[in-house]
Amino acid sequence: MSNTPYRLHYNENPLGPSPEVTDRIKARLAGLSLYPPRDDEAVRNRLAEFYGRGLTDRHIFTTYSGSEALDLIARVFLEPGDEVIVCGPTFHVYARTAEWQGAKVVDVPLDSEDFSLRVEAAMGAVTARTRLVYLGNPNNPTGSIVTRDEMAMLHASLPRDVTVVSDEVYHHFVTHPDYPDSLADAASGRNVIVLHSFSKVYGLAGLRVGVAISRPDIIERLARLRRTFHLGSLEMEAALAAIGDQDHVAQSVALAERGKKRLYAAFDRLKLTYWPSEGNFILFRTPVPADDLAARMADRGILVGSGSRFGLTHGIRVSIGLPEANQAFLSALEGILADGL
Ligand SMILES: Cc1ncc(COP(=O)(O)O)c(C=O)c1O
């Protein structure tokens with residue numbers, strides 16, 4: 001085993017970014033003393049063209065990562081005393097950024113068996129103070145999705161002043177036929193902000209580029225928080241090059257798909273419960289406390305995400321790595337479970 005730990009805890013792309021991205025970044029290094037263009041127009045135009053569906057640069061706001069987009073959304077939409085709905089277990093940044101604005105977080109837990117959205121419960125939790133409904137789609141850490149019908153029900157029933165934040169940073173990995181087309185919803189003027197990131201399939205987590213896609217009036221509100229030089233030159237160059245290499249995206253998705261199949265088969269053999277995932281990670285149930293298992297794995301050079309951060313004391317989220325990493329993870333898991341903790 002190599003001395004570098006296998007990083008199966010952050011849902012990164014084990015292939016790294018496209019070689020075209022790294023080449024273009026290298027070519028840009030000579031110009032680092034120069035200011036970037038003030039505006040990120042080139043990236044927004046390229047994204048609009050890529051997304052199609054009638055979206056324009058006015059439907060798009062780029063950010064310093066998906067996490068920053070969540071922070072800006074909370075800053076624009078929330079005041080102390082407002083309420084937001086989150087459906088746990090889910091990405092902690094929704095609640096954290098809402099709480100930073102003094103909003104009250106109302107948790108409507110996902111179904112305890114299959115982690116599907118409890119649509120009626122979510123609608124029932126809406127009050128006059130509700131401003132945002134956060135949906136991880138696919139959801140981290142469960143890998144579950146909100147289906148087209150569920151999304152349509154929400155849009156049909158939510159009051160006009162409640163906006164859905166559909167966090168779709170893992171959308172490339174989805175194969176489920178009922179996945180909604182939220183970009184089309186944004187283009188048609190629904191109350192939705194779709195979140196994308198270059199950290200996942202594009203393999204650019206270290207650079208920090210995110211995208212919010214929504215109706216132009218919502219984007220204008222977000223754009224009041226834009227920076228003077230909105231994105232750095234390396235971020236812009238990388239984003240443009242990454243969009244241009246969809247073969248790399250397809251390879252990355254195929255790698256994750258093969259890895260998931262391999263892990264599902266192993267979990268079946270080991271009689272461990274897992275939840276089929278629409279992301280590049282899998283949540284499984286451990287017979288021993290997740291923190292202990294994660295610590296033992298880390299001792300063996302394999303980093304995995306303990307579910308305890310999400311309130312899942314016996315859940316582990318493992319990212320799909322290269323075949324060698326997946327194998328190392330499985331060998332370590334089998335060894336630890338056989339030894340007993
Ligand atoms: C569900 C979800 N949304 C958003 C993000 C934010 O990604 P980033 O801030 O790297 O763009 C992550 C990162 O792990 C995530 O899991």
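Two residues are in contact if their C-beta atoms, placed from the backbone, lie within 7 Å. By that criterion, among contacts in the protein between residues at least 6 apart in sequence, 74% join residues at least 24 apart. The model described here is predicted. Its secondary structure comprises 12 helices and 12 strands.

**Overall dimensions**

- The protein has 341 residues, for which a compact globule would have a radius of gyration near 20 Å; the value for the protein is 20 Å, so the two agree.
- Taken along the principal axes, the box filled by the C-alpha atoms is roughly 60 × 55 × 35 Å.
- Buried residues make up 46% of the 341 residues.

**Strand 7 and its partners**

- Strand 7 covers residues 192–197, and 6 of its 6 residues are buried.
- From this strand, V192, V194 and H196 point one way, while I193, L195 and S197 point the other way; all are buried.
- Strand 6 (residues 163–167) pairs with strand 7 in the parallel sense, over 4 bridges. Within this pairing, S166 stands opposite V194 of strand 7.
- Between strand 6 and strand 7 the chain passes through helix 7 (residues 182–187), and the resulting β-α-β crossover is right-handed.
- Strand 7 is also joined to strand 8 (residues 210–213) by 4 bridges, and these two strands run antiparallel. Here L195 stands opposite A212 of strand 8.

**Surroundings of the ligand**

- There are 13 residues around the ligand, and those that come nearest are S65, G66, S67, S197 and S199.
- S197, one of these nearest residues, is also among the buried residues of strand 7.
- By residue class, the shell around the ligand holds 3 nonpolar, 9 polar and 1 charged.

**The five-stranded open sheet**

- An open sheet of 5 strands has mixed pairing and follows the order 1-11-12-10-9.
- Strand 1 (6–8) and strand 9 (274–275) are its edge strands, and each pairs on one side only.
- Strand 9 runs antiparallel to strand 10 (residues 281–285), with 2 bridges joining them. The bridge partner of Y274 in strand 10 is F284.

**Cis peptide bonds**

- Most residues other than glycine have a negative phi, and most peptide bonds are trans.
- The peptide bond from G88 to P89 is cis, with omega near 0 degrees. P89 belongs to the loop between strand 3 (83–86) and helix 4 (92–100).
- A cis bond also links N137 to P138, again with omega near 0 degrees. P138 lies in the loop between strand 5 (130–136) and helix 6 (148–157).

**Positive phi angles**

- R53, a residue other than glycine, has a positive phi, near 60 degrees. R53 is placed in the loop between helix 2 (41–51) and strand 2 (60–63).
- R53 counts as partly exposed because 14 C-beta neighbours lie inside 10 Å.
- F115 likewise has a positive phi near 60 degrees without being glycine. Its location is the loop between strand 4 (104–107) and helix 5 (119–124).
- F115 is buried, because 21 other C-beta atoms lie within 10 Å, and the cut-off for a buried residue is 20 or more.

Technical notes. Residues are numbered from 1 along each chain as its sequence is written. This is a predicted model: local features need pLDDT of at least 70, side-chain atom pairs count only at pLDDT 80 or more; totals for chains, interfaces and linings use all residues. The radius of gyration is taken over C-alpha atoms; the globule rule is 2.2 Å times the number of residues to the power 0.38. A residue is buried if 20 or more other C-beta atoms lie within 10 Å of its own, exposed if 12 or fewer, and partly exposed in between; C-beta atoms are placed from the backbone. Two strands pair if DSSP finds at least two bridges between them. A crossover is right-handed if, with the strands pointing away from the viewer, the path from the first strand over the helix to the second runs clockwise. A residue is near a molecule or strand if its C-beta atom, placed from the backbone, lies within 6 Å of it. Ala, Val, Leu, Ile, Met, Phe, Trp, Tyr, Cys and Pro count as nonpolar, Asp, Glu, Lys and Arg as charged, and the others, Gly among them, as polar.
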